[in-house]
Number of protein chains: 2
Amino acid sequence: MKITKSHLDECHERIKKHIHLTPVLTSRLIDNIAGANLFFKCENFQRMGAFKMRGAVNAILQLDEESRKKGVITHSSGNFAQALSLAAKSIGAPAYIVMPSNAPRVKINAVKEYGGNISICPATLKDREKTTDALAKETGATFIHPSNDNNVILGQGTAAKELLENQPDLDIIVTPVGGGGLIAGTALAAKFYGDLCTVIGGEPKEVDDAYRSLISGKIETNSSTNTIADGLRTNLGDINFPIILNEVEKIIRVEEKEIIDALRLIWERMKIIVEPSSAVALAAIIKEPETFKSKKVGIIISGGNVDLSALPF
Amino acid sequence: MKITKSHLDECHERIKKHIHLTPVLTSRLIDNIAGANLFFKCENFQRMGAFKMRGAVNAILQLDEESRKKGVITHSSGNFAQALSLAAKSIGAPAYIVMPSNAPRVKINAVKEYGGNISICPATLKDREKTTDALAKETGATFIHPSNDNNVILGQGTAAKELLENQPDLDIIVTPVGGGGLIAGTALAAKFYGDLCTVIGGEPKEVDDAYRSLISGKIETNSSTNTIADGLRTNLGDINFPIILNEVEKIIRVEEKEIIDALRLIWERMKIIVEPSSAVALAAIIKEPETFKSKKVGIIISGGNVDLSALPF
């Protein structure tokens with residue numbers, strides 16, 4: 001499927017009543033530090049606290065009535081588990097979430113709160129997939145991948161669409177890069193709605209699979225996932241990677257300390273709670289001032305779900 | 001001086017270009033917990049991170065040109081020191097801030113950053129006053145009290161004025177109570193612009209001087225100041241107390257744990273950074289549900305300046 005502007009237009013109309021139109025914030029002080037004009041698209045204020053709500057809603061709304069009744073299923077211990085649960089509840093479909101036995105209690109509770117039906121499985125990828133397959137067969141639920149799915153990519157792209165409707169003359173949009181759904185959707189939105197607007201990714205050096213993938217031209221993986229940006233530990237997929245390869249300008253890698261410094265800057269100066277993954281985008285801008293100097297730069301603040309009991313400050 | 005509606009109208013016009021019109025946020029989830037419709041006036045997004053900017057700007061703008069040139073002076077280690085510094089810089093006047101030798105380095109640096117001229121004195125009230133008096137004499141600067149000053153009270157009242165312009169049919173506005181400037185200004189704004197809108201204070205039980213003052217009819221003091229709400233450790237003054245006595249409905253006292261729970265609720269659910277003092281107002285609402293049941297309730301979120309290295313979570 002080649003995604004067109006009409007697909008993204010239709011997607012946005014489709015999901016609108018299930019999502020918040022999140023605000024775009026600015027900070028004179030951070031502009032001074034960055035030497036650029038920054039526009040923060042605050043998906044931390046999105047329903048369930050992250051942009052993932054958009055893709056989840058779109059994926060479910062694309063199912064026919066029969067499939068919706070049977071529900072949706074995914075395996076995730078992060079924001080997508082919560083997003084799929086709340087999106088399904090909002091639309092009126094069951095959601096089945098397979099979570100590893102070592103998932104933090106706080107995340108299991110969040111999924112429960114949003115109405116997801118949880119199945120706990122042993123903490124290996126093989127077990128996760130096996131449990132998910134069996135449960136999908138049993139329930140007839142449709143599997144939705146958190147990032148490697150055209151409907152999910154389209155949904156995530158609506159955040160950048162809204163940002164460009166608010167600030168049509170952005171030169172660059174920066175997003176964090178994890179599984180690739182957000183940056184792929186953002187790159188499409190920039191192409192369709194921007195005026196020569198390019199897209200740059202920010203990625204932790206500790207999990208720089210996307211950086212290496214853009215160089216090698218094939219999907220690379222990480223041998224370890226030792227980053228505070230817990231939303232960015234995943235790899236790209238075969239559906240989003242071609243979009244990223246074609247449409248994304250480059251990926252800037254940042255150190256863990258740079259992520260924490262950017263996180264603190266946003267918390268202290270903007271007085272908003274954002275996830276470490278979101279701070280990766282600002283860290284990338286601060287790291288390469290020559291790329292962004294005096295430009296109008298959008299940043300997708302991906303989410304605000306943090307464990308306040310485990311802060312890096 | 002008897003404060004009238006015209007005074008508050010004029011004050012608001014006077015200070016407008018030096019302050020932010022802060023947003024009013026809502027949260028369906030917190031509404032459900034509180035059993036009321038809450039409207040959060042977010043002064044944590046105000047310049048320098050707190051409502052105190054409003055009163056400081058108004059007090060300086062009321063000085064004649066000669067006095068402005070000589071500058072303003074206060075003794076404070078909290079938000080008012082930062083507010084007076086930034087307000088003076090914004091208007092083009094010098095600010096002299098007397099701070100005790102045991103003031104946290106982070107607060108001293110913040111005042112410096114906003115352009116305040118700092119004098120460090122020994123950490124007793126007597127020394128603070130002596131140093132302030134001597135410096136005022138030497139420089140000719142005008143002393144501005146952080147809360148017991150009609151121009152400061154007027155300035156602080158503009159937050160509630162804006163809130164009522166946004167939500168004219170509020171039944172109640174709740175503010176934290178510290179030195180009394182915010183709640184006095186809020187009570188006047190509710191009287192002038194509200195439609196039978198009453199004002200209720202939230203106060204930590206550990207420093208319940210205002211609660212006791214409303215009962216005894218005279219200004220009471222605290223024998224200890226053992227609360228996390230560091231902005232609320234001060235006592236009322238002879239200028240704001242008569243306004244509070246006449247215009248405030250009641251004061252609700254909350255325990256330290258209730259403050260921390262409310263703080264966590266705002267951070268986790270609204271994804272905004274607020275000070276413990278601000279959480280006192282929400283804690284009061286949650287503590288007395290019968291008072292607020294199904295009402296439209298405004299909350300002044302007083303500020304967002306917290307030390308991220310010393311969180312209670």
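**Figure 1. Pairing of strands S8 and S9 in chain A of the predicted model**. Strand S8 (residues 198-204) of chain A and strand S9 (residues 250-254) of chain A pair in the parallel sense over five bridges, where two strands count as paired if DSSP finds at least two bridges between them, and where strands (E, at least two residues) and helices (H or I, at least four) are DSSP runs numbered from the N terminus. Within this pairing, Pro204(A) stands opposite Val254(A) in S9(A). Four of the five residues of S9(A) are buried, so this strand is largely enclosed by the rest of the structure. Here a residue is called buried if 20 or more other C-beta atoms, placed from the backbone, lie within 10 Å of its own, exposed if 12 or fewer do, and partly exposed in between. Residues are numbered from 1 along each chain as its sequence is written, while chains are lettered from A, and ligands numbered from 1, in the order in which they are written. Because this is a predicted model, local features need pLDDT of at least 70 and side-chain atom pairs count only at pLDDT 80 or more, whereas totals for chains, interfaces and linings use all residues.

**Figure 2. The four-stranded parallel sheet of chain A**. The strands form an open sheet in the order S5-S4-S3-S6 (chain A), with parallel pairing. Strand S5 (117-121) and strand S6 (142-143) of chain A stand at the edges with a single partner strand each, so one side of each is left without a neighbour in the sheet. Strand S3 (residues 72-75) of chain A is joined to S6(A) by two bridges, and in that pairing Ile73(A) stands opposite Phe143(A). Helix H5 (residues 79-91) of chain A packs on the sheet, where it touches S3 and strand S4 (95-100) of chain A, and its direction makes about 165 degrees with that of S4(A); contact means that the C-beta atoms of two residues, placed from the backbone, lie within 7 Å, and angles run from 0 to 180 degrees between the N-to-C directions of axes fitted to C-alpha atoms, for helices over the stretch in contact. S3(A) is also joined to S4(A), in this case by four bridges and again in parallel, with Val98(A) in S4(A) as the bridge partner of His75(A). S4(A) is mostly covered, five of its six residues being buried.

**Figure 3. The contact between the two assigned domains of chain A**. Domain bounds, which come from an automatic or database domain assignment, place residues 5-49 + 149-301 in domain 1 and residues 53-143 in domain 2 of chain A. The contact takes 20 residues from domain 1 of chain A and 17 residues from domain 2 of chain A. On the domain 1 side, the elements that give two or more residues are helix H1 (5-15) and helix H8 (150-166) of chain A, and H8(A) gives the most, with eight residues. By class, this side of domain 1 has eight nonpolar, eight polar and four charged residues, where Ala, Val, Leu, Ile, Met, Phe, Trp, Tyr, Cys and Pro count as nonpolar, Asp, Glu, Lys and Arg as charged, and the others, Gly among them, as polar. The C-alpha centres of domain 1 and domain 2 of chain A lie 25 Å apart.

**Figure 4. The six-stranded mixed sheet of chain B and the helices beside it**. This open sheet has the order S1-S2-S10-S7-S8-S9 (chain B), and its edge strands, each pairing on one side only, are strand S1 (24-25) and strand S9 (250-254) of chain B. Five bridges join strand S7 (residues 172-176) to strand S8 (residues 198-204) of chain B, which run parallel, and Val174(B) stands opposite Ile200(B) in S8(B). Helix H9 (residues 181-193) of chain B packs on the sheet, touching S7, S8 and strand S10 (296-301) of chain B, with its direction at about 165 degrees to that of S8(B). Helix H10 (residues 209-216) of chain B lies across S8 and S9 of chain B and runs at about 145 degrees to S9(B).

**Figure 5. Surroundings of Ile108 in helix H6 of chain B**. Ile108(B) lies in helix H6 (residues 105-113) of chain B and, with 17 C-beta neighbours inside 10 Å, counts as partly exposed. Leaving aside residues up to four places away in sequence, Ile108(B) touches Met99(B), Ala103(B) and Ile118(B).
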